[in-house]
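I opened a fresh page for this one and kept my notes short. Here is what I looked up, in the order in which I went through it.

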Amino acid sequence: MTVRRLKTYTGQTGYVYQYYFVGKRSALAGDPEAPSREYIFDVTSDRKTTFAISVCLGRAALDAWAASRGRTLSEPEQYAAVKLRLMQAFDEILDMLKDGRRLRLDAEALPGLLASIGVD
């Protein structure tokens with residue numbers, strides 16, 4: 001049995017989210033975000049309804065990062081960027097269940113999110 005760390009985040013929208021990381025996988029071939037890595041989190045804002053949120057980190061974003069920085073992002077750095085994207089959505093999207101189930105982390109957003117925690 002896998003023990004998951006339940007984390008809490010208070011969004012600027014006023015909702016308090018509880019979430020945990022479920023896992024990651026390569027996006028399916030038919031997925032519009034492919035090729036990308038899909039990170040999956042289970043989330044609740046009311047402790048009654050739990051739903052999955054996917055954050056897709058695109059191959060193009062990783063390639064652009066590597067080309068501009070001369071190095072690839074490590075696995076922990078990739079996870080940090082994905083988690084920051086999730087928190088950004090908690091801050092900006094009023095109804096995560098309806099409007100925030102699939103999030104995208106692209107080449108434009110990646111540098112800014114990582115710069116916010118000092119990764120360059």
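**Entry 1: Arg37 and its partner**

I began with Arg37, which is partly exposed at a relative accessible area of 28%. A reminder to myself before going on: this is a predicted model.

Next I asked which side chain meets Arg37 in a salt bridge. I found Glu75, with 3.9 Å from N to O. Arg37 sits in strand E3 and Glu75 in helix H2, so I noted a link between distant parts of the chain, 38 residues apart. Glu75 is partly exposed too, with a relative accessible area of 40%.

**Entry 2: strand E4 and its neighbours**

From E3 (residues 36–44) I moved across to E4, since the two strands pair in the antiparallel sense over eight bridges. To fix the register, I looked up Ser36 and found it opposite Gly58 in E4. The hairpin that joins E3 and E4 has six residues between the strands, and within it Arg47 takes a positive phi near 65°.

Then I checked how E4 pairs with E5: the sense is parallel, over four bridges. Here Leu57 stands opposite Leu105 in E5.

How many of the eight residues of E4 are buried? I got seven, so I wrote down that E4 is largely enclosed by the rest of the structure.

**Entry 3: helix H1**

H1 spans residues 59–69, and I listed Ala61, Leu62 and Trp65 as buried there. Looking down the helix axis, I saw the buried residues of H1 fall within an arc of 100°, so they line one face. That fits what I would expect in general: an α-helix has 3.6 residues a turn, so residues three or four places apart point the same way.

What lies on the face turned away from the buried side of H1? I noted the exposed residues Ala60 and Ala67 there.

I also wanted to know what covers the buried residues of H1. The cover includes two strands, E4 (51–58) and E5 (102–105), and two helices, H2 (75–92) and H4 (109–115). Just after H1 I stopped at Gly70, which takes a positive phi of about 75°.

**Entry 4: more salt bridges**

I searched the whole structure for salt bridges and found nine. One of them joins Arg102 to Asp31, with the closest N and O atoms 2.8 Å apart. Arg102 lies in strand E5, while Asp31 is in the loop between strand E2 (16–26) and E3, so this pair ties together parts that are 71 residues apart in sequence.

Is Asp31 buried or exposed? Its relative accessibility is 14%, so I counted Asp31 as buried. Arg102, at 42% relative accessibility, went down as partly exposed.

I then turned to Arg104, which forms a salt bridge with Asp106, the closest N and O atoms being 3.7 Å apart. Arg104 is partly exposed at a relative accessible area of 48%, and Asp106 is partly exposed at 23%.

My last look-up was for salt bridges that share partners. They join Arg25, Asp31, Glu38 and Arg102 into one network, so I drew a ring round these four names on the page.

Key:
Residues numbered from 1 in each chain as written. Predicted model: local features only at pLDDT ≥ 70, side-chain atom pairs only at ≥ 80, totals over all residues. Heavy atoms only, no water. Buried < 20%, exposed > 50% of the residue type's maximum accessible area, 1.4 Å probe, protein only. Arc of directions from axis to C-beta. Contact = heavy atoms within 4.5 Å. Pairing = 2+ DSSP bridges.
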